Amino acid sequence: MYASRSLDDCRKDLIGTSTLEDDVPPHLKCPLTGKLFVDPVVVPSSGNTFERSAIEAHVSDSGGSGRDPISNDIIAIGDWVVNKALKNAVNT
C-alpha cells in the first residue's frame, strides 16, 4: 500500500498532520500572530494581551503611537507590562 508513496506522505498518515501549534488552546495564542505566547504583554488600558514583538511591530508601523488592535484604545510604544500569569501558564 505504501510502496509508491513518499516517506513524508507515509509519516503524515501515521502521525497525523496536526502540529503542536494546532493543539495550543486559543487563550495561549497571541491574537495578532496566532502563535503560542513566548513573551506576553498586557496593554493596561484595555486589558488585552499580545506577544511583545507583535504589538511593538504594530505600534512601530503606526509611527510610534497607534491603537490597540482589539479595543481601538490609543497606545504608544512601552504602554504594556509583562503578563506574568500567562507567561507562567505557557512555561509550565
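# Exercises around aspartate 39 and aspartate 68

Setting aside neighbours within four places in sequence, aspartate 39 is in contact (heavy atoms within 4.5 Å) with Phe50, Glu51, Arg52 and Lys87. The model is predicted, so local features need pLDDT of at least 70 and side-chain atom pairs count only at pLDDT 80 or more, while totals for chains, interfaces and linings use all residues. Residues are numbered from 1 along each chain as its sequence is written, and side-chain values use heavy atoms, with hydrogens and water left out.

## Exercise 1: the salt bridges

Find the salt bridges in the whole structure and state which residues they join.

Step 1. Apply the criterion: a side-chain nitrogen of Lys or Arg within 4 Å of a carboxyl oxygen of Asp or Glu. The search returns two salt bridges.

Step 2. Take arginine 52 and aspartate 39, whose closest N and O atoms are 2.6 Å apart. This pair links distant parts of the chain, with arginine 52 in helix α2 and aspartate 39 in the loop between α1 (7-15) and β1, 13 residues apart. Helices (H or I, at least four residues) and strands (E, at least two) are DSSP runs, numbered from the N terminus. The side chains of aspartate 39 and arginine 52 also make a polar contact of 2.6 Å; such a contact is a pair of N or O atoms within 3.5 Å, where within protein one must be able to donate a hydrogen and the other to accept it, and residues adjacent in sequence count only if both atoms are side-chain atoms.

Step 3. Turn to lysine 87 and aspartate 39, with closest N and O atoms 3.6 Å apart. Here too distant parts of the chain are linked: lysine 87 is in helix α3 (residues 84-91), and aspartate 39 is 48 residues apart from it.

Step 4. Put the pairs together: salt bridges that share partners join Asp39, Arg52 and Lys87 into one network.

## Exercise 2: aspartate 68

Decide whether aspartate 68 is buried or exposed, and describe its surroundings.

Step 1. Place the residue: aspartate 68 lies in the loop between β3 (65-67) and β4 (74-76).

Step 2. Check the accessible area. Aspartate 68 has a relative accessible area of 1%, so the residue is buried; the cut-offs are under 20% for buried, over 50% for exposed and partly exposed in between (1.4 Å probe, protein chains only).

Step 3. List the contacts. Not counting residues up to four places away in sequence, aspartate 68 touches Val43, Ser46, Asn48, Phe50, Asp73 and Ile75.

Step 4. Look at the polar partners. The side chain of aspartate 68 has a polar contact of 3.2 Å with that of asparagine 48, and reaches the backbone nitrogen of isoleucine 70 at 2.7 Å.

## Exercise 3: the sheet

Work out the strand order of the open sheet, and say which helix packs on it.

Step 1. Read off the order: three strands run β2-β1-β5, with antiparallel pairing. Two strands pair if DSSP finds at least two bridges between them.

Step 2. Identify the edges, β2 (48-51) and β5 (81-82), each pairing on one side only.

Step 3. Add the helix. Helix α2 (residues 52-60) packs on the sheet, touching β1, β2 and β5, and its direction makes about 95° with that of β2. Axes are lines fitted to C-alpha atoms, for helices over the stretch in contact, and angles run from 0 to 180 degrees between N-to-C directions.

Step 4. Follow the pairing of β1 (residues 40-43) with β2, antiparallel over four bridges. In β2, glutamate 51 is the bridge partner of proline 40.
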